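Please open the model in the viewer and keep the selection panel at hand. The tour below proceeds from one selection to the next.

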Amino acid sequence: MFGERLQILVSRDQRRRLVAEAKRRRTSVGAVIRDAIDARLGGATSEQRLRAVADIRAMRGGRFLPPDALDRVVEEERDQAIQTDHRRRG
Amino acid sequence: MSFFLDANVLIYSAVDSEYRVPCLEILEAVAERRTEARISTAVFEEVWHIESSGRAGRIGGLAARSYTLFTPLLPVTDEVVARALALDAPRLGTNDRIHAATALVNGIATVVSADAGFEGVSGIRRVDPRDERALHHLIGS
């Protein structure tokens, strides 16, 4: 979701490269710029994000636990970490 | 409209149940930048804990994929901790108080979660992933 408008000046060569890349990817110049911002300043590219969702969709073998059971798993993991730390400290 | 995702949305996107399809729809909308959803370092840690424990079955790699989708994560700051301590939310556990406070500190009023405990938290609207109408309003499909 994009709500911020940014007006920037680029050189003729930069524009040529942006347009060529957009054509290659079959997307817009804006999308190429947004991906470049994400790649350079933190965040993943659209290709990486779409791949991540595809990987999650392909996951099999998970086991459903209701929300309160998930909370308990996290609490138990933390309790174990605390107990291990106490044992190590003697 | 920006919204905050609880860890169970990420977990449920990877395991078969009535939650899986709507949770995957949310993640797809995020990946395609049709909507703006955020998670925090605390939510990421919960997903990683649950994945590593093996208690939710074979969901290896879910935390890493979640990071790819949601980086940069919202931080849990001193301000978040102070807000969490001050929350009037008797039904929420400590983790969920941190999540609610993270949302509030970042100006986010909607938390998508399968956990009804978020209801009744002042300033927060909880959306269940199974609530088609509310969900489609959030992700624009």
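What percentage of the contacts in chain B with a separation of 6 or more comes from residues 24 or more positions apart? In this predicted model, such residues account for 61% of those contacts.

**Stop one: chain B as a whole.** Select chain B and display it as a cartoon. Seven helices and four strands make up its secondary structure. Followed along the sequence, these elements occur in the order β-α-α-β-α-α-α-α-β-β-α. The globule rule gives 14 Å for 141 residues, and the radius of gyration of chain B is 14 Å, close to that value, so chain B is as compact as a globular protein of that length.

**Stop two: extent and burial.** Reduce chain B to its C-alpha trace, which spans about 35 × 35 × 25 Å along its principal axes. Of the 141 residues in this chain, 48% count as buried.

**Stop three: a helix pair across two chains.** Next, select residues 46-57 of chain A, which form helix α3, together with residues 20-31 of chain B, which form helix α2. The axes of these two helices come within 8 Å and cross at roughly 165 degrees. Angles over 145 degrees count as roughly antiparallel, and α3(A) and α2(B) are therefore roughly antiparallel to each other. The crossing of α3(A) past α2(B) is left-handed.

**Stop four: the residues in contact.** Show side chains for this pair. On α3(A), the contact involves Arg49(A), Leu50(A), Ala52(A), Val53(A), Ile56(A) and Arg57(A). On α2(B), the contributors are Leu24(B), Leu27(B), Glu28(B) and Ala31(B). Colouring the residues of this contact by type gives seven nonpolar, three charged and no polar.

Note on methods
Residues numbered from 1 in each chain as written. Chains lettered and ligands numbered in written order. Predicted model: local features only at pLDDT ≥ 70, side-chain atom pairs only at ≥ 80, totals over all residues. Rg over C-alpha atoms; globule rule 2.2 N^0.38 Å. Buried ≥ 20, exposed ≤ 12 C-beta atoms within 10 Å, placed from the backbone. Contact = placed C-beta atoms within 7 Å. Axes fitted to C-alpha atoms, helices over the stretch in contact; angles between N-to-C directions. Parallel < 35°, antiparallel > 145°, perpendicular 65-115°, else oblique. Left-handed = near helix turned anticlockwise from the far one by under 90°. Nonpolar A, V, L, I, M, F, W, Y, C, P; charged D, E, K, R; others polar.
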